[in-house]
Amino acid sequence: ARADRRVLAELGWFAASGGGALGRVRIRRAVASDAAALARLAAETFPLACPPDLPETAIADYIDTHLSAAAMAAYLHDPTRLLLLAEAQDATDPPAGALAYTMLTGLGGPDVVLDKCYVHPDYIGAALAEAMLRDTIHQAAQRGAQRMSLGTNVGNRRAQRFYRRLGFRRTGHRTFDVGGLPQRDVVMTLEIASPAAEAGAVDVT
């Protein structure tokens with residue numbers, strides 16, 4: 001049940017969605033040496049958020065351009081960005097290593113953007129995404145951000161429900177380019193002073 005997963009998450013324990021063994025997970029700030037692991041995880045998770053009719057060539061082009069190890073290394077060196085990484089500590093079942101990541105842009109001002117929030121497919125529905133996002137919101141608040149916005153494809157209803165549950169509200173639309181093909185996104189915004197944001201980080205260290 002969701003409540004059980006939430007309790008386990010607060011204690012730092014997660015299990016793969018298919019019923020794998022419980023394992024410890026740590027959420028931390030990503031560093032330069034994580035670039036390759038982030039790129040591997042991004043290449044596996046980004047296609048899952050794309051519309052089913054989007055050509056594979058367009059998806060591959062976006063991954064090569066924006067989610068490569070070189071791109072991740074550049075993001076990690078950008079002081080206006082923050083990347084958080086969830087990694088397995090002692091899980092006995094695969095996958096091991098990087099399980100989820102988020103990326104904030106626009107640090108230093110009152111408005112930040114949740115540019116990326118992705119979880120390994122084996123951990124979707126395991127409460128890891130919520131733990132990651134709550135920690136990301138907490139980190140943004142610690143840096144003085146007052147609002148957080150994001151974009152997700154209009155057809156990705158599951159993601160929209162998830163973000164609404166964490167306090168985000170629909171505030172508009174945007175066009176998002178994937179491999180030269182414009183995609184329509186829903187824009188959602190969270191007021192970081194809201195009760196959902198003030199819940200703070202989930203301690204998974």
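**Close-up 1. Helix α6 gives the most to a patch of positive charge, with 4 residues.** We're looking at a predicted model here, as in every view below. The patch sits on the surface, where R157, R158, R161, R164, R169 and R170 gather. Two elements, α6 (157-165) and β7 (169-178), each supply at least two of the patch residues. Pick out R158 as an example: this arginine is found in helix α6. Is R158 buried or exposed? R158 has a relative accessible area of 52%, and the cut-off for "exposed" is over 50%, so R158 counts as exposed.

**Close-up 2. R28 and D34 meet in a salt bridge.** Zoom in on the two side chains and you'll find an N to O distance of 2.8 Å. D34 lies in the loop between β2 (23-29) and α2 (35-45). Why does D34 count as buried? Its relative accessible area is 7%, and buried means under 20%, so D34 falls on the buried side of the cut-off. R28 is buried too, just like D34. And what else does the side chain of D34 reach? It reaches the backbone nitrogen of V31, at 2.8 Å.

**Close-up 3. K116 and D115 form a salt bridge.** In this pair, the closest N and O atoms are 2.7 Å apart. Now check how much of each partner is on show. K116 is buried, with a relative accessible area of 6%. D115, on the other hand, is partly exposed, at 35%. Elsewhere, salt bridges that share partners join R26, R28, D34 and E87 into one network. That brings back R28 and D34, the pair from Close-up 2 that meet in a salt bridge.

**Close-up 4. R81 pairs up with D78 in another salt bridge.** How far apart are the closest N and O atoms of R81 and D78? The answer is 3.0 Å. D78 has a relative accessibility of 22%, and buried would need a value under 20%, so D78 counts as partly exposed instead. If you're keeping a tally for the whole model, the count comes to 9 salt bridges.

**Close-up 5. A141 and A193 are 52 residues apart along the chain, with 8.2 Å between their C-alpha atoms.** It's worth tracing the chain from one alanine to the other in the structure above. A141 lies in helix α5, which covers residues 128-142. Its relative accessible area is 37%, and that makes A141 partly exposed.

**Close-up 6. A69 and A32 make another pair to find, 37 residues apart in sequence.** How far apart are A69 and A32 in space, C-alpha to C-alpha? They're separated by 10.0 Å. Look for A69 in helix α4, made up of residues 69-76. At 34% relative accessibility, A69 counts as partly exposed.

**Close-up 7. P52 and G155 are 103 residues apart along the chain.** In space, their C-alpha atoms are separated by 9.6 Å. Where does P52 lie? You'll find P52 in the loop between α2 and α3 (56-66). P52 has a relative accessible area of 88%, and exposed means over 50%, so this proline counts as exposed.

Key. Residues numbered from 1 in each chain as written. Predicted model: local features only at pLDDT ≥ 70, side-chain atom pairs only at ≥ 80, totals over all residues. Heavy atoms only, no water. Patch = residues over 30% accessible without salt bridge, like charges linked within 9 Å, V, L, I, M, F, W, Y side chains within 5 Å. Areas by Shrake-Rupley, 256 points an atom, 1.4 Å probe, with all protein chains shown as cover. Salt bridge = Lys/Arg side-chain N within 4 Å of Asp/Glu carboxyl O. Lys, Arg positive; Asp, Glu negative; His and termini not counted. Charge placed at Lys NZ, Arg CZ, Asp CG, Glu CD. Buried < 20%, exposed > 50% of the residue type's maximum accessible area, 1.4 Å probe, protein only. Polar contact = N/O pair within 3.5 Å; in protein donor to acceptor, adjacent residues only side chain to side chain.
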